[in-house]
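Reader: I am new to this structure and would like to go through it slowly, with each term explained when it comes up. Could we look at it together?

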Amino acid sequence: MKPIAVLALAVLLPVTTSAEQLLITEGNRLLRLDLENLTRKPDVVVENASLGGATGRDMNGMICLLPGASGRFLAGEDTGQPDTRPGWGVFDALGRQVAKLAGTYQVSQAEPHGCAFDREGRLFTSSVGNQGFGSGKGQLFLWFPPYEGHPGPPEAYPATGAASDGFCKLATDIAAAGGIAIDEAGRIYVASAGSGVIERFAPPFPTSPEQAGGCGSRGPTGSPFATRIQRETFASGWYTFSGLAFAPNGHLFASSVFTGEIVEYDASGELLRTVLDPDDWFPPFSTGTPMGLALGADGTLYYADLDLTWDFPSIGPGPDGKVWRLRFDDAGEPLPPEILLRGLAFPDGVAVVK
């Protein structure tokens, strides 16, 4: 379980608005910030399990809206682990959990993180695996709708360690798997902080978790694994890739949490520029350590800052996690980043919604 946030905020239900909102996972909970009124304190959409009572849930990672106009959303949810298997919680528009997708993992601290829906309504998620460099046990899941129900026998959840049905794994060897993004061609991009690469998976993808649907193999945990996979390295470098976000022009922004950078690639994987470049070599950086990324309608980049700090020889999240915005001038050049929130605990995911 991650640290509890240092901010004390009122628990408020979401409101209907046409303005852009920023959803943030931090302190094991979900916040919502009104981007049109930054003087207003963020609302707590889902409180963490230690403070939220029976409805509290420990949340982290990316946040994804489900297809359609229901207002339902999904994010990493690991309340009660390891007794209750971690996975991805499905929530209604009021922040009430209505379903859970729990995978099978190769490590005890699985850390569900990434999520993205393609045009066919299929869900792709990533679990981090080992959080350091080296051995890659991060995974890429493909889930098939409907995204309903809970793992285990009826009425057993959350008192169950059971896994869900309805998924097919596309990879089980990604080193510290992080953010996910999908391009116009339906290709899936996964950040790998532990190997300094961005993985790319191309369709066609399995259509069901059975052999007839293209998921006829078995992975290391014995779970369904894709029979055929088209996988390649899209980009690589001296980065710890974490968050990914596509711009309307097809360029891909990628954050590198340990080096404190955000870089931009074209559609062929060529590095175009660094849009966030810290002055120092090692954290802490004055511009933060960017983890999750999100892009606003006006092209503004938002990033979650873990506030990585040294406690030699270890490095980990500090007490002053932040959310920043990075705007661009009329010529497309990045302006100095601005802090929107601070004093957060392990902010690792952001999403722009209306």
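Reader: Leaving aside its neighbours within four places in sequence, which residues is Ser-256 in contact with?

Author: This is a predicted model, in which local features need pLDDT of at least 70 and side-chain atom pairs count only at pLDDT 80 or more, while totals for chains, interfaces and linings use all residues. Residues are numbered from 1 along each chain as its sequence is written, and side-chain values use heavy atoms, with hydrogens and water left out. Ser-256 lies in strand β19 (residues 252–256), a strand being a DSSP run of E with at least two residues, numbered from the N terminus. With contact meaning heavy atoms within 4.5 Å, the partners of Ser-256 are Tyr-239, Thr-240, Phe-241, Ser-242, Glu-261 and Pro-290.

Reader: Is Ser-256 buried or exposed?

Author: The terms rest on relative accessible area, with buried under 20%, exposed over 50% and partly exposed in between (1.4 Å probe, protein chains only). Because its relative accessible area is 1%, Ser-256 is buried.

Reader: How many disulfides are there?

Author: A disulfide is a pair of cysteine sulfur atoms within 2.5 Å. One of them joins Cys-64 to Cys-115, with an S to S distance of 2.2 Å, and Cys-168 and Cys-215 form a disulfide with their sulfur atoms 2.1 Å apart. By this rule the count comes to 2 disulfides.

Reader: Why is the disulfide of Cys-64 and Cys-115 right-handed?

Author: Both Cys-64 and Cys-115 are buried. The disulfide is right-handed because the torsion about the S-S bond of Cys-64 and Cys-115 is about 100 degrees.

Reader: Which strands stand at the edges of the open sheet with the order β12-β13-β14-β17?

Author: Two strands pair if DSSP finds at least two bridges between them, and in this open sheet of 4 strands the pairing is antiparallel. A strand at the edge has a single partner strand, so one side is left without a neighbour in the sheet, and this holds for β12 (177–182) and β17 (230–236).

Reader: Within that sheet, which residue of β14 stands opposite Ala-191?

Author: Strand β13 (residues 188–192) and strand β14 (residues 197–202) run antiparallel and are joined by 5 bridges. Opposite Ala-191 stands, in β14, Ile-198.

Reader: Which residue of β6 stands opposite Gly-76?

Author: Another open sheet of 4 strands, also with antiparallel pairing, has the order β4-β5-β6-β7. Strand β5 (residues 73–77) pairs with strand β6 (residues 87–91) over 5 bridges in the antiparallel sense. The residue in β6 that stands opposite Gly-76 is Trp-88.
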